[in-house]
Amino acid sequence: KHRLPPVGMPPVAWHNGMSNRYSDVLYPFNRTTPFPIEVQQRFRLAYYSAISFIDSLVGEVVNELDRLGLGNDTIVSFHADHGWQLGEHNEWCKHTNFELGTRVPLMFRVPWKSNAVGKKTSALAELVDIYPTLVELAGLPAAANENLEGKSLAPLFDNPTGSVKNVTLSQFPD
């Protein structure tokens, strides 16, 4: 849909982080020259293969927790540290402030929160929210002297259609 960067985009918004290090054939890589379609398909296949492999590993962890009788008493949290473009705006990496570069997978398994089992939420969240969320869900005392930037997402496990914050922030380059 958006194969090339937006017209008039400031140069800082696009990052040449891909170079050619993910390909066995060298191609010119710049803002206005997309990789050939067959190369793009290979990149996407590799990405989806990696996602499928990680999915199977998470399944193994959850199955082992269940086998050990710990599945109903254990919180599982899964997240990445960045999103990824698959050719949108001619980007093939994580190094942007485009939405796909800043969205990350963030999943929790909290079996005793039945309102949230199998549910998705459209609530805004940031990775700084993970720690306060885990503390609250685990029933641990929140340290009064901790100055956390994150906010607990625990209320969303009782009401997945709710929200806990109005904005999220992202920055690249540092």
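**Notebook: surface patch, aromatic rings and S152**

I looked first at the surface, where F53, I54 and L57 form a nonpolar patch with about 250 Å² of accessible area together. The accessible areas come from the Shrake-Rupley method with a 1.4 Å probe, and for residues only the protein chains shown count as cover. Patches are made of residues with over 30% relative accessible area and no salt bridge; like charges are joined within 9 Å, and nonpolar side chains (Val, Leu, Ile, Met, Phe, Trp, Tyr) within 5 Å. A salt bridge is a side-chain nitrogen of Lys or Arg within 4 Å of a carboxyl oxygen of Asp or Glu.

I noted that this is a predicted model, in which local features need pLDDT of at least 70 and side-chain atom pairs count only at pLDDT 80 or more, while totals for chains, interfaces and linings use all residues. Residues are numbered from 1 along each chain as its sequence is written, and side-chain values use heavy atoms, with hydrogens and water left out.

I located F53 in helix 1 (residues 37-67). Helices (H or I, at least four residues) and strands (E, at least two) are DSSP runs, numbered from the N terminus. F53 counts as exposed because its relative accessibility is 51%. Buried means under 20% relative accessible area, exposed over 50%, and partly exposed in between (1.4 Å probe, protein chains only).

**Aromatic rings**

I found five aromatic pairs in the structure. In one of them, the ring centres of F43 and W92 lie 5.4 Å apart with planes at 65 degrees, so the pair is edge-to-face. This pair links distant parts of the chain, 49 residues apart: F43 is in helix 1, and W92 is in the loop between strand 1 (76-79) and helix 2 (99-102). Both F43 and W92 are buried. The rings of Y47 and Y48 are also edge-to-face, because their centres are 5.6 Å apart and their planes stand at 70 degrees. Rings of Phe, Tyr and Trp (its six-membered ring) pair if their centres lie within 6.5 Å; planes under 30 degrees apart count as stacked, over 60 as edge-to-face and the rest as tilted. Y47 is partly exposed at 27%, and Y48 is partly exposed at 47%. I also recorded that ring pairs link F35, F43 and W92 into a cluster.

**S152**

I placed S152 in the loop between helix 3 (130-137) and helix 4 (155-158). S152 is buried, since its relative accessible area is 13%. Its side chain joins that of E136 in a polar contact of 2.7 Å, and also reaches the backbone nitrogen of A154 at 3.1 Å. A polar contact is a pair of N or O atoms within 3.5 Å; within protein, one must be able to donate a hydrogen and the other to accept it, and residues adjacent in sequence count only if both atoms are side-chain atoms.
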